[in-house]
Amino acid sequence: MTNLEIAELLRKVAAAYLILNENRFKIIAYERAADSVEHLTSEVKDLWNDGKLKEIPGVGETLQKHLDELFRTGHVRHFEEVLGKLPASIYPLLLVPGIGPKKAYKLVSELKLNKAQTVIEDLEKAAVGHKIAPMEGFGEKSEADILANIETYKKGAIKENRMVLSEADQVALDVINFVKAGGGVKHIDTLGSLRRQVSTIGDIDISVATTEPETVIERFITYPHQKLIEKGPTGASLLLHNGKQVDLRVQKPEAYGAMLQYFTGSKNHNIKLRSLALNQGKSLNEYGIKNTKTNKLSEYPTEKAFYEAIKLPWIPPELREDRGEIEAAIHGKLPHLVELPDIRGDLHIHSSYDLESSHDVGAQSADLYLSEAARLGYDYVGFSDHNPSVGNHTEEQIVEIMKRRKDDYEHKYYSWVQKVLKTRTPLRKASAGLPQMFLMCEVDILPDGKLALPDSAFDYVDAVVVSVHSSFNQSREVMTRRVVTALTSHEKVRIFGHPTTRLLGKREGVEYDWDLIFEACKKQNIALEINAHPSRLDLPDNIVYDAKKQNLRFSIDTDAHAVDQMILMKYGVSVARRGWATKHDIVNSQEYNDFKDWLVKGAKP
DNA sequence: GCCGTTTTCGGCCCGACTGTTTTCAGTCG
């Protein structure tokens, strides 16, 4: 059973308990355990195998017993007993927006919707036949809402509705400019998961500091949309034509700090923060901090002041996932996270130089990438074109191609340097020299773990990135062995590229026994890549977090296939930050000489 | 059902919005 399936099961039990009027804290406990399981890095089943179930936050003695029974026997008698008290057709309805456990139960029992497979269609028919409006607690409006929400559900179920970060940035920027143009805006920010830089974004959250809330909200709801979801004095929500939801909230400038904090989340971070505050006699909300004795509300214009009022330092948004950041803040142990200006070079770049590979070449020639690297103030850059295809060449031909490539690149580099120095192209960093070049290669890890570059061809590169580009469906064991073999097969293997090979919204990442991968990387002083391309963001942040705990190092690279993709570095930095990485955890935040010692001589980073 | 910098017992985040209600329940984030 996968983590997602287990989380779903726990949520079903929580929903059943809610309908059965169980103790509400028990319900919360099940929901919390479900959240926790869903966000876990490791498979619950593996933890069970290792006797580590109790390490899952929110899973106590009782749930451990239940999960143990689940893995031993395939089912949990207690869960089946609880779920069996209610018709199975209520659970699919919970996926429809606006329908929670209570409504689902009422609809199912009063309309006798007993077929779980067709319950949504059956409900739709009931609504069309005006069977819902006469029911107690429902009306004309809720009947129409149910129809509309079933539509939304169907659309969402068909196409993946989450955005990658760069796409969310675009949408947010457009809305922000539109709202700003309406006037009355003192500050405007994107909050929620976008501010926390989660790898995929569901809704866009925007907040505005203003003394004219009505003007701002009225302006916002004229942004082109297909549906006004809700509107009140504190904000509004729109469903855009592209199917994305945008929520806007307003707050007066004096109390804006509380709004920023509240709306940034995450939910679990806020819950923990509020319970911490309660212990100090303070109650947190989006307006400020209430003294629980006097009921007096204090306001804070900035987020920093808000955190300080509950005796905490300001916590970077990327950390706000309840992964230990509040405890770290209490003890003054928040990490000093890596920042974009710390990055000194990009090691995974594809130019248009044709290596007769079976993969894509880049869009422009090397000198244009070099100029962009100079503009970005980088100290070095590595060209990691794909290796020549193995199927179409003999070993001798591959060596010949690599040899010729080295000569060509070196020639290109020196003529670029000469050209730049002669024309005195203005560089961002006037004092620094031009970026140095490393000649690298992105080498396929073949299905059997061999590298797709013959040993004798390694003489013509400084170092290589190794990556999986085929046979993604191998088992976890085979895949782990494959990669470990590759990582330990040549001393010039320095970076493990886009390790999980995931493509957000398109392809799931492959699975490894990460402990073995980490061990191999450590042994060889290899860096795990954090691929910054918004559709990859690979390593995923939760694995960065685990790897960082085991003292692994990372290389943040763009995998640019065009010059204009080199600015995507910021998304990779976000992933590193979400994984708690500092400047010292990132190999390419080192200055040139130290970096070269690691890359070329294999020194400890 | 979980959990611990007041606690192994006694707490458990907080408010907005909506529809159907004459005061609240359900859902959501």
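Buried means under 20% relative accessible area, exposed means over 50%, and partly exposed lies in between (1.4 Å probe, protein chains only). Helices (H or I, at least four residues) and strands (E, at least two) are DSSP runs, numbered from the N terminus. The model is predicted: local features need pLDDT of at least 70, side-chain atom pairs count only at pLDDT 80 or more, and totals for chains, interfaces and linings use all residues. Residues are numbered from 1 along each chain as its sequence is written, chains are lettered from A and ligands numbered from 1 in the order in which they are written, and side-chain values use heavy atoms, with hydrogens and water left out.

**View 1. Strand β16 is largely enclosed by the rest of the structure.** Five of its five residues are buried, so the rest of the structure largely encloses β16. A527, E529 and N531 point one way from the strand. L528 and I530 point the other way. In a regular strand the side chains alternate between the two faces of the sheet. Strand β15 (residues 493-496) runs parallel to β16, and two bridges join them. Two strands pair if DSSP finds at least two bridges between them. F496 has L528 of β16 as its bridge partner.

**View 2. Two loops flank β16 in the chain, one with a positive phi and one with a cis peptide bond.** N525 lies in the loop between α20 and β16. Its phi is near 55°, a positive value in a residue other than glycine. N525 is buried, at 16% relative accessible area. L539 lies in the loop between β16 (527-531) and α21 (541-549). The peptide bond from D538 to L539 is cis, with omega near 20°. Most residues other than glycine have a negative phi, and most peptide bonds are trans.

**View 3. A second cis peptide bond and a second positive phi are found in other loops.** G265 and S266 are joined by a cis peptide bond with omega of about -5°. S266 has its place in the loop between α13 (256-264) and α14 (267-278). E356 is not a glycine, yet has a positive phi of about 55°. The loop that holds E356 runs between β11 (345-349) and α17 (366-375). E356 counts as partly exposed, at 36% relative accessibility.

**View 4. Three strands make an open antiparallel sheet.** The order is β8-β9-β10. β8 (282-285) and β10 (297-298) stand at the edges, each with a single partner strand, so one side of each has no neighbour in the sheet. Strand β9 (residues 288-291) pairs with β10 over two bridges, in the antiparallel sense. I289 stands opposite S298 in β10.

**View 5. Two salt bridges link distant parts of the chain.** A salt bridge is a side-chain nitrogen of Lys or Arg within 4 Å of a carboxyl oxygen of Asp or Glu. Side chains of opposite charge can pair when their charged atoms come close. The structure holds 30 salt bridges. One of them joins R195 and E303, with the closest N and O atoms 2.8 Å apart. R195 is in helix α11 (residues 192-195) and E303 in helix α15 (residues 303-309), 108 residues apart. E303 counts as buried, at 4% relative accessibility. E230 forms a salt bridge with R249, and here the closest N and O atoms are 3.5 Å apart. This pair links strand β5 (residues 227-232), which holds E230, to strand β7 (residues 245-251), which holds R249, with the two positions 19 residues apart in numbering. E230 counts as partly exposed, at 43% relative accessibility. R249 is buried, at 18%.

**View 6. A salt bridge within helix α18, and a network.** The side chains of E410 and K406 meet at 3.1 Å, N to O. Both residues lie in helix α18 (residues 395-423), four residues apart, about one turn of the helix. E410 counts as partly exposed, at 32% relative accessibility. K406 also counts as partly exposed, at 25%. Salt bridges that share partners join R196, E321, R323, D541 and R578 into one network.
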